[in-house]
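The following note sets out numbered points for a colleague examining the coordinates. Each point takes up one part of the structure.

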Amino acid sequence: MSVIAEHGGIAEHIHPEPQGFIRKYIFSLDHKIIGIQYLITGMVFLVLGGLLAELIRIQLMNANGGFLTPDVYDEVYSIHGSTMVWLVGIPILTGGFGNVIMPVQIGARDVAFPWLNMISFWLFPIAGLMLFSSFLMGAPVAGWTEYPPMSLQGAAGTSMWCAAIFLVGISSTLTGMNFLVTILKMRAPGMTFTRMPLFCWGQFATAPLLMIATTALAAALAALFMERQFGVPFYDPTRGGSPVMWQHMFWFYSHPAVYIMILPAFGIISEVISVFSRKPIFGYRLIAFSSAAIALAGFMVWAHHMFTSGIAPYMQLPFMILTFVIAVPTGVKIFSWMATMWGGKIHLTSAMLFTIGFLILFTFGGISGVFLAAIPFDLHVHGTYFIPAHIHYVLVGGSVMGIFAGIYYWFPKITGRQMSEFWGRVHFVLFVIGFTGTFLPMHWLGAMGMPRRVATYDPQFQTINDVMSIFSFVMTFAILIFFINVIFSIRNGKKVGHNPWGARTLEWQIPSPMPYYNFKHIPSVYGLPYDFTEPLPYAHLEEELTDSPVPVGAH
Amino acid sequence: MAVASVPHEGQADQLYVETRALRLQGFLLFLVSDLVLFSSFIFAYMYLRNSGQGWPPPGITRPAIALGGLNAAILFGSGATMHYALENFKRGNFIRYAWLLIFTIILGALFLGGQAIEYTTLFREHITWAGSGIFGASFFTLTGMHGFHVLCGIIYLTILLLQSVHGVYDKQRYFGLTAGTLYWHFVDVIWVVLFSIFYLV
């Protein structure tokens, strides 16, 4: 990307950096600190949710169960799903990476509303604690989707679940508004929409989903809460309500929610694949606009989750066709990434390995998604293990692989040190082996009709389940390696300069770790973000952009 | 390259213009998400209304249109007074602005009073939030949510009134008043929809 440092103008206003520990690291207004807080908290919940997943796998090693009682098993998979969606996937990819990287990539000093950003963050761990505290009063048992009437009959923890998800929803809504205003109004001079890095495009497509879809879920949750606590009939069919209505309201949010978890990951993949292929991204505009197309179409497909719920046949067909249509922009992306790698000088770093893994595994998940969109097939496998197979392929093979790629890629920018590449490769190999062994057989189990969300199962599936459980331990072990690598590298990783990967986007043109005010002078941008014909490094530019800023008083 | 230590006059103005643009957009997005919240409940209402039980469900009489219409007129009138309050503030007629804002607050309070009368009438007919099937659920939830928004608006406008008496806003800088006006109009528009679906159709 061609950049010059611009002098003068409004951009010279700089608040002094707070010095106290609490203002600097706990209640920080700095988007980078808040983003790191999001990442750390999200990783803590990833560990907790992963441990719950292992409880599920241990239970399923025996066809007759026996490790957990059926009730506890229901609680475990419900909280596992809720944690992974609301406390891991969404916060890490939007609040985490979005906060750390997005403002720097568009050449801004912070997000539009730093106070709101801080509030968004602090709602998130509180909501997480509330969600886990529901174990104390009888956690929800109807899965992360909490369909009535079962959720109406659940123990008191179900109401706590409603409140927790409502709260984390407020956090997402505020983040979405904040990011949308930031990207619309605070881009550096010359940073037009067609010069914006694709990670920012991912965030830009995600922000309206966060803002609109999450609010719709808030209404559904509020109604469920009111029905459970005050007996207001919304969902109970015996009192005139409709349980199918919950499914409409829930999926109107939750289908866009899976795009909330994948569009930022698409952005990360686009950054990594271009840098490590040393080639401009193929089809920049196609990738950018297909993100927007996916976000828009994501609002029009929710009822494909409900083909077996008794919705009218004339409604089913359009939803099936629209769901097929979503595969088109997604396919455009996959082919653009492959074309980017074609003929490039590929560097197989850990980040790039996870990106290639993403391309393969996510494509699997996308294809099983097209299967599920077809009504006849969906009727056959609905409520079987085919559904967890699909969701884990897109959310673990997609979002989580994207998260890992992003962490390996931006770790030097956040800490100034590089993670161990050797252990990164070990992590990758073990993770992919464990992942495939755990989730690939689920497709077959689903096609053979093993029902999901049941604590016991037909003994004929025992061997295959045992194998899956063993592979799931491999996957857990791989994640353990990752965490050890992160903790070790924070203190002892190899020190690297400001731009170890030779990337061209703005965040790599300032020192690592990033200085408090990002840019001393707001840069002016001309040219595309993936122009690898430009010489490196921009040594003079680094000084221009960031020699230590002289703070002026608060305005 | 040294950085200016004190923002000079023109810079401060430009800074204000920029932050106002940010806040205005942020506030509009807040209203959009609030609109989605109402829309979801309105969707729930329409879904339940068309679920084959008839509307109003058997045994329920609709609330009287006379009182509802009067209430709607009061709220729409308050939208007009709020609009002229802001216009007068922009032109510098502070006294007229203050009176119009006070009128708006009083009209808002009257609206809430009318709603209280309506609720007590319904309660006397044993039509309640939790005990009257889908009618009670959708009517009391939606109008209650709207009433809560009106209450928040009254508090917000009162704060704006006190702030402007203390000279927080001037002819160039009145973003708080713009936001208050936008919010009040938003509450009005929501009532147009709610009035139509509960009293007219």
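1. Chain B fold. Chain B contains five helices and zero strands. Its radius of gyration is 21 Å, well over the 17 Å that the globule rule gives for 201 residues, so the chain is more spread out than a compact globule. Read along the sequence, the pattern is α-α-α-α-α. The C-alpha trace of chain B spans about 75 × 40 × 25 Å along its principal axes.

2. Status and confidence. The model is predicted. For chain A the mean pLDDT is 91, and 93% of the residues reach 70 or more. Two stretches of chain A call for caution. Over residues 7-12 of chain A the pLDDT stays under 50, and the model has ten contacts beyond four places in sequence for them. Residues 547-555 of chain A also have pLDDT below 50, with 22 contacts in the model beyond near neighbours in sequence. Where pLDDT is low, the predicted coordinates should not be read in detail.

3. Burial and contacts in chain B. Of the 201 residues of chain B, 28% count as buried. Among contacts in this chain between residues at least 6 apart in sequence, 78% join residues at least 24 apart. One pair distant in sequence is Met46(B) and Ser138(B), which are 92 residues apart along the chain and 9.2 Å apart in space, C-alpha to C-alpha. Met46(B) belongs to helix α1 (residues 9-49) of chain B. Met46(B) counts as exposed because it has 12 C-beta neighbours inside 10 Å, and the cut-off for exposure is 12 or fewer.

4. Helix α4 of chain B. This helix (residues 133-165) has 33 residues and reaches 48 Å from its first C-alpha to its last, close to the 48 Å expected at 1.5 Å a residue. Just after α4(B), Gly167(B) adopts a positive phi of about 80 degrees.

5. Nonpolar core. The largest nonpolar core has 209 residues, of which Ala216(A), Ala220(A), Val272(A) and Ala405(A) touch the most other members. Leaving out residues up to four places away in sequence, Val272(A) touches Ala351(A), Met352(A), Thr355(A), Ala405(A) and Tyr409(A).

6. The loop between α4 and α5 of chain A. Met137(A) is placed in this loop, between α4 (114-133) and α5 (150-153), and Glu146(A) is found there too. Is Met137(A) buried or exposed? Met137(A) counts as exposed, with 12 C-beta neighbours inside 10 Å. Glu146(A), by contrast, is buried, because 24 other C-beta atoms lie within 10 Å. Apart from neighbours within four places in sequence, Met137(A) is in contact with Ala155(A), Ala156(A), Gly157(A) and Met160(A). The C-alpha atoms of Met137(A) and Thr158(A) are separated by 8.9 Å, with their positions 21 residues apart along the chain.

7. Positive phi outside glycine. Glu146(A) has a positive phi of about 50 degrees although it is not a glycine. Phi of Arg278(A) is likewise positive, near 50 degrees. Arg278(A) lies in the loop between α8 (243-277) and α9 (284-297) of chain A and is partly exposed, with 13 other C-beta atoms within 10 Å.

8. Cis peptide bonds. The bond from Ser512(A) to Pro513(A) is cis, with omega near -15 degrees; Pro513(A) is placed in the loop between β3 (494-495) and β4 (523-526) of chain A. In chain B, a cis peptide bond joins Trp55(B) and Pro56(B), where omega is about -5 degrees. Pro56(B) is found in the loop between α1 and α2 (65-91).

Terms used: Residues are numbered from 1 along each chain as its sequence is written. Chains are lettered from A and ligands numbered from 1 in the order in which they are written. This is a predicted model: local features need pLDDT of at least 70, side-chain atom pairs count only at pLDDT 80 or more; totals for chains, interfaces and linings use all residues. Helices (H or I, at least four residues) and strands (E, at least two) are DSSP runs, numbered from the N terminus. A residue is buried if 20 or more other C-beta atoms lie within 10 Å of its own, exposed if 12 or fewer, and partly exposed in between; C-beta atoms are placed from the backbone. The radius of gyration is taken over C-alpha atoms; the globule rule is 2.2 Å times the number of residues to the power 0.38. Two residues are in contact if their C-beta atoms, placed from the backbone, lie within 7 Å. A nonpolar core is a set of buried Ala, Val, Leu, Ile, Met, Phe, Trp, Tyr and Cys residues joined through C-beta atoms within 7 Å. pLDDT is the predictor's confidence in each residue, from 0 to 100. The expected span of a helix is 1.5 Å times one less than its number of residues.
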